[in-house]
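Please look through the structure below before reading my comments. The points that follow are meant to be read with the model open beside them.

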Amino acid sequence: MTTASPSVFLLMVNGQVESAQFPEYDDLYCKYCFVYGQDWAPTAGLEEGISQITSKSQDVRQALVWNFPIDVTFKSTNPYGWPQIVLSVYGPDVFGNDVVRGYGAVHVPFSPGRHKRTIPMFVPESTSKLQKFTSWFMGRRPEYTDPKVVAQGEGREGKAPSPPLSPAPRQVRAWEWMGPGLG
């Protein structure tokens with residue numbers, strides 16, 4: 001009697017973080033990482049990375065262009081915990097300290113082909129005026145110790161709420177990619 005081995009499917013993510021709109025900031029860089037379920041495993045490529053620093057374009061859009069490549073392959077036996085990409089954008093404050101300028105997350109598209117996603121970005125804010133002033137004065141704004149928390153819903157029950165989030169009119173255009181591939 002032969003035992004059936006579990007079937008596996010592959011998800012190939014090939015694309016780029018193209019550009020961002022942060023009108024009030026310049027000289028920003030981007031970090032990405034993936035969040036996925038326990039049945040998923042990366043098999044090839046990089047599951048996290050950091051871009052170069054970019055300056056605003058000189059045209060009317062004043063876009064920050066990274067064209068930051070992403071190439072990773074995952075395998076799984078179960079679609080539960082479908083991968084999400086988490087983006088964190090950083091740049092200098094008035095004192096020259098690197099501070100977070102935005103967090104965002106989006107699921108990897110479910111269908112093959114070319115996809116463009118625009119990711120709304122947000123930043124955590126201090127809860128009181130004293131904390132806001134202290135964080136500004138010290139050059140340490142609130143940020144997550146692990147940016148993956150942006151894409152995770154579990155583990156928040158019964159805990160104090162995280163700092164309020166400031167939705168920002170900032171957008172990151174993140175994808176022009178081919179994916180997923182089933183094998």
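**Charged pairs and a histidine**

1. Asp59 has a relative accessible area of 40% and is therefore partly exposed, and this is to be read with the caution that the model is a predicted one. The salt bridge partner of Asp59 is Arg61, and the closest N and O atoms of this pair are 3.8 Å apart. Arg61, for its part, is partly exposed as well, because its relative accessibility of 48% falls in the range between 20% and 50%.

2. How many salt bridges does a search of the whole structure find? The search finds two, and besides the pair just described there is a salt bridge in which the side chains of Lys116 and Glu18 meet, at 3.8 Å from N to O. Since Lys116 lies in the loop between β8 and β9 (118–124) while Glu18 belongs to strand β1 (residues 9–21), this pair ties together parts that are 98 residues apart in sequence.

3. Is each partner of that second pair buried or exposed, or something in between? Lys116 is partly exposed, with a relative accessible area of 46%, whereas Glu18 counts as buried, because its relative accessibility of 14% is under the 20% cut-off.

4. His115 is found in strand β8, which covers residues 113–115. With a relative accessible area of 12%, His115 is buried, and its side chain reaches the backbone oxygen of Ser111 at 2.7 Å.

Definitions and conventions. Residues numbered from 1 in each chain as written. Predicted model: local features only at pLDDT ≥ 70, side-chain atom pairs only at ≥ 80, totals over all residues. Heavy atoms only, no water. Helix = DSSP H or I, 4+ residues; strand = E, 2+ residues; numbered from the N terminus. Buried < 20%, exposed > 50% of the residue type's maximum accessible area, 1.4 Å probe, protein only. Polar contact = N/O pair within 3.5 Å; in protein donor to acceptor, adjacent residues only side chain to side chain. Salt bridge = Lys/Arg side-chain N within 4 Å of Asp/Glu carboxyl O.
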